[in-house]
Amino acid sequence: MASSANARTGASLVHMRPTLVGIEVLARETGLHPELVARLVRLGVIEPAGGTRTAPMFDPAAAPRLARVLRLRRDLGLNFAGAVLACELLARIDDLEERLRRYEPPLPSPVPRRTQPSQRRHAEVITWTRTV
């Protein structure tokens with residue numbers, strides 16, 4: 001009965017869960033050896049999103065993070081800890097920039113401008129004395 005109601009309304013009860021991938025797929029996507037990906041997981045570069053301890057599963061979005069860590073390591077000579085920290089900071093910057101793009105500033109309020117009592121044209125003279 002519920003399926004016929006869903007068919008009429010076009011609604012679906014199936015919730016789409018992001019597909020998780022294994023180390024081998026992640027390694028293939030990033031061009032790395034699976035052992036290196038496993039080492040980076042142990043170092044905390046990426047976190048498993050599911051699976052088991054012996055067969056962890058990852059979000060496919062972890063591939064660009066791995067590639068970024070390796071680029072920072074190669075191009076800037078950072079160690080893995082520094083590259084991970086840089087990635088976290090870059091991700092935070094990306095998040096803040098996205099928030100700024102979505103932010104619409106309020107309209108300016110009609111505040112009268114202050115008038116200067118007088119335009120000061122006198123330059124301040126500083127004299128230096130030499131002490132020996």
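**Close-up 1. Arg92 and its salt-bridge partner Asp95 in helix α5**. Let's start with Arg92, which counts as partly exposed at 43% relative accessibility in this predicted model. Its partner Asp95 is partly exposed too, with a relative accessible area of 32%. The two side chains meet in a salt bridge, at 3.5 Å from N to O. Where do Asp95 and Arg92 lie? Both belong to helix α5, which covers residues 80-102, and they are three residues apart, or about one turn of the helix.

**Close-up 2. Glu98 meets Arg102**. Here's another salt bridge, this time with an N to O distance of 3.9 Å. Glu98 and Arg102 are four residues apart in helix α5, so about one helical turn separates them. Is Arg102 buried or exposed? Arg102 is exposed, with a relative accessible area of 56%, while Glu98 is partly exposed at 32%.

**Close-up 3. A little network**. Some salt bridges share partners, and that joins Arg92, Asp95 and Arg99 into one network. You've already met the link between Asp95 and Arg92. As a general idea, side chains of opposite charge can pair when their charged atoms come close.

**Close-up 4. Arg74 pairs with Asp75**. How far apart are the closest N and O atoms of this salt bridge? They sit 2.8 Å apart. Arg74 and Asp75 are both exposed. Stepping back to the whole structure, you can go looking for seven salt bridges, and the one between Arg74 and Asp75 is among them.

Note on methods
Residues numbered from 1 in each chain as written. Predicted model: local features only at pLDDT ≥ 70, side-chain atom pairs only at ≥ 80, totals over all residues. Heavy atoms only, no water. Salt bridge = Lys/Arg side-chain N within 4 Å of Asp/Glu carboxyl O. Buried < 20%, exposed > 50% of the residue type's maximum accessible area, 1.4 Å probe, protein only. Helix = DSSP H or I, 4+ residues; strand = E, 2+ residues; numbered from the N terminus.
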